[in-house]
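These exercises deal with charged side chains and cysteines. Work through each task with the structure open, then compare with the solution.

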Amino acid sequence: MLKNILLTLSFILLSLSSMSQEEALFQSILIPSELIEKSNSVVRYDVTNIEVKAYNKYIYTKTRLITILNKKGNDDYGAAFQYDSNTNIKKLEVKVFDAFGKELKKIKKNDFQDVSAVSGSTLYSDTRFKYLDYTPITYPYSILLETEIEYNSTAFFPSWMPLDGFYSSTQFSEYKISNESDVDIKIKTSNFENYAIEKHSDFHYSAKNLKSLKPESYSPSFRSFAPYLKVALKEFEMEGVKGVNTNWQDFGKWMHDRLLVGTEELPEAVKSEIKSLVQGVTSDREKAKVVYNYMQNKTRYISVQIGIGGWKPMLAEDVDRLGYADCKGLSNYTKALLKEVGVEANYAVIYGARNITNIDSEFSATEGNHAVLCIPSEKEEDYIWLECTSQTNPFGYIANWTDDRDALVITPDGGKIVHTTSYSAEESLQHTTASILFSKEGAIDANVTIKTSGYQYALHEGIQTLPSNDQELNLKEYWDYINDLNITSMVFENDKDNVVFTEKVALSAKNYAAKSGKRFLFEPNIFNKVTGTPTRYKKRTLDFEIDRGFTDQDEFIITIDGSLEIEAQPKDITVKNKFGSYSFSIEKVSETELLYKRTYSLNKGYYPKEEYKAFRDFIANVVKLDKSKIVLISKS
């Protein structure tokens with residue numbers, strides 16, 4: 001029955017000859033119930049055809065019918081298209097149908113919203129977007145999209161994801177390339193084996209009845225487990241510049257020779273200035289630090305998405321004159337400055353994001369969304385990576401944005417894949433110390449010092465740039481489990497040379513401990529509790545990942561009012577497994593003084609779904625142990 005429906009749909013979309021058939025077909029009741037379950041939208045029919053005419057031209061056509069089931073699916077209809085001077089949108093039309101298959105609206109190309117692709121941080125862009133802006137009357141409703149686009153730049157080639165994303169299922173999807181040129185085409189498929197996907201030929205695939213996927217706690221990125229196909233031409237053109245893409249070395253050689261050469265010339269005055277700044281500095285590392293600091297103080301980041309596909313950097317002399325550039329321009333400018341002081345550096349393309357995303361080492365293509373700089377060394381693990389868009393980053397520090405991932409390094413000999421700096425759990429340390437006074441009324445007064453390094457430095461150092469009110473709110477949110485928290489002073493110290501950020505906070509809180517008659521129930525872990533337990537699942541469906549490891553060490557000196565004494569306290573404990581470790585101890589230093597020590601470490605790793613329960617149990621145990629209580633009783 002479903003096969004007949006899809007064949008009918010294909011016929012109708014081509015001919016649209018019978019309105020009664022069309023209305024019946026677009027009724028949402030035709031969607032199989034298993035595709036509606038856990039879905040905000042259902043892709044009913046999505047057919048992409050690509051005709052490669054030459055190394056510098058292809059025609060893209062798409063017919064797509066999607067049913068939006070609820071408000072959360074409104075962003076799923078996929079009617080947004082980027083274009084520029086090398087893109088000709090020849091056809092763009094949408095029809096909207098209600099749940100019963102009745103046509104509600106017809107939207108033609110000129111009725112689409114047409115805006116510049118300029119974001120708040122973008123100075124200029126020669127790219128524009130056409131997108132559908134439709135406000136539904138009721139749910140469900142269906143969108144039929146038909147488009148034809150001619151591309152005269154082939155560096156960016158459409159991929160295929162038969163599943164759009166989380167909470168979206170697919171009834172039928174097809175992807176086909178017709179190669180009418182003499183250019184070789186590369187294809188790489190990922191994660192096809194677990195889905196109902198049929199290969200008709202090397203360039204023709206289809207998928208049927210793919211159920212929606214639901215995100216789960218600690219699940220890896222969607223693309224790491226969902227079906228994905230990507231394509232690249234071995235010869236391509238980027239806005240008039242022809243390139244070769246047999247492998248990463250070829251691609252990098254093209255980038256170096258055609259995009260970077262001739263962009264590094266600096267004014268003579270700048271050359272003299274930067275050379276004078278490193279006089280007497282002997283090591284390349286220290287010279288590079290001087291140059292990096294010079295660049296940070298002289299420039300600022302602003303996006304400039306013009307030129308060859310937004311891939312060619314601004315001239316270094318223009319960056320110096322204007323004092324601003326995007327990631328490409330700033331990285332290239334810093335490279336030019338380093339060259340003047342005799343330090344070798346390489347431009348690099350990377351994915352910049354909180355989530356770790358690699359340049360695919362096995363498949364060369366136009367990838368990445370960011371540019372950085374690297375200073376090579378004998379060993380790749382000793383490479384120095386420079387984030388040139390930041391005015392505050394310590395020299396060589398890249399955690400939380402471009403750390404621990406494969407990047408494409410561009411050298412005069414071509415491109416090569418190099419892994420960026422990763423920060424181990426031992427390096428990513430948060431050390432919290434505190435001196436605490438506990439009163440006979442159950443209140444606390446404390447002086448707290450938090451020192452962070454490695455990956456955890458990036459989680460804390462941003463507080464220093466906030467207004468004082470926001471700094472206080474930030475700390476109160478961090479300690480949101482402490483009632484009636486009053487911050488009395490805050491001091492922040494940023495040691496950029498050693499990459500250590502220090503927060504010194506004085507605070508108080510009334511009624512911290514719960515009182516029961518003459519007794520207080522006092523939780524000694526005041527300043528670094530784990531409070532959240534990962535979601536419980538009856539049946540976990542996805543593997544899980546801890547993308548960055550860390551270590552927390554805590555030492556609190558707790559001075560108890562002399563009118564109180566300890567009636568009971570928890571025993572010391574140590575827990576260790578493949579996911580991490582946890583320990584705490586309470587030492588009675590004197591009749592009124594306790595020393596609380598705690599260490600909690602979480603290990604980076606990718607784990608099968610079958611081990612999720614054990615991981616959740618470990619975190620749940622940490623939450624429980626962090627709530628351990630001391631019983632204090634009045635002496636009188």
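**Exercise 1.** Find the salt bridge between Glu362 and Lys188 and state which parts of the chain the pair ties together.

Solution. The model is a predicted one. Start with the contact: the side chains of Glu362 and Lys188 form a salt bridge, with N and O 3.2 Å apart. Next, place the two residues. Glu362 sits in the loop between strand 20 (346-350) and strand 21, while Lys188 belongs to strand 11 (residues 185-190), so the bridge ties together parts that are 174 residues apart in sequence. Then check the surroundings of the acid: Glu362 has a relative accessible area of 66% and is exposed. Finally, look for further partners. Glu362 and Lys188 are part of a network of salt bridges that also links Lys230, Asp360 and Glu367. The count for the model comes to 41 salt bridges.

**Exercise 2.** Is Asp326 buried or exposed, and is Lys328 buried or exposed?

Solution. First the contact: Asp326 and Lys328 meet through their side chains in a salt bridge of 2.5 Å, N to O. Buried means under 20% relative accessible area. Asp326, with 2%, is buried. Lys328, with 7%, also counts as buried.

**Exercise 3.** Locate the salt bridge between Glu611 and Lys578 and describe the exposure of each residue.

Solution. The closest N and O atoms of Glu611 and Lys578 are 3.0 Å apart. Glu611 lies in the loop between strand 37 (605-607) and helix 11 (612-626), and Lys578 in the loop between strand 34 (573-577) and strand 35 (580-590); the pair therefore ties together parts 33 residues apart in sequence. Glu611 is partly exposed, at 22% relative accessible area. Lys578 is partly exposed too, at 47%.

**Exercise 4.** Why is there no bond between the sulfurs of Cys327 and Cys388?

Solution. A disulfide is a covalent bond between the sulfur atoms of two cysteines. The cut-off for the pair of sulfur atoms is within 2.5 Å. The closest cysteine sulfur to that of Cys327 is in Cys388, 9.5 Å away, which is too far for a bond. Cys388 is accordingly in no disulfide. Both residues are buried: Cys327 has a relative accessible area of 9%, and Cys388 has 1%. The disulfide count is zero.

**Exercise 5.** Which residues form the negative surface patch that includes Glu381?

Solution. The patch is formed by Glu378, Glu380, Glu381 and Asp382. Glu381 is found in the loop between strand 21 (370-375) and strand 22 (384-386). Its relative accessible area is 60%, so Glu381 is exposed.

How values were computed:
Residues numbered from 1 in each chain as written. Predicted model: local features only at pLDDT ≥ 70, side-chain atom pairs only at ≥ 80, totals over all residues. Heavy atoms only, no water. Patch = residues over 30% accessible without salt bridge, like charges linked within 9 Å, V, L, I, M, F, W, Y side chains within 5 Å. Areas by Shrake-Rupley, 256 points an atom, 1.4 Å probe, with all protein chains shown as cover. Salt bridge = Lys/Arg side-chain N within 4 Å of Asp/Glu carboxyl O. Lys, Arg positive; Asp, Glu negative; His and termini not counted. Charge placed at Lys NZ, Arg CZ, Asp CG, Glu CD. Helix = DSSP H or I, 4+ residues; strand = E, 2+ residues; numbered from the N terminus. Buried < 20%, exposed > 50% of the residue type's maximum accessible area, 1.4 Å probe, protein only.
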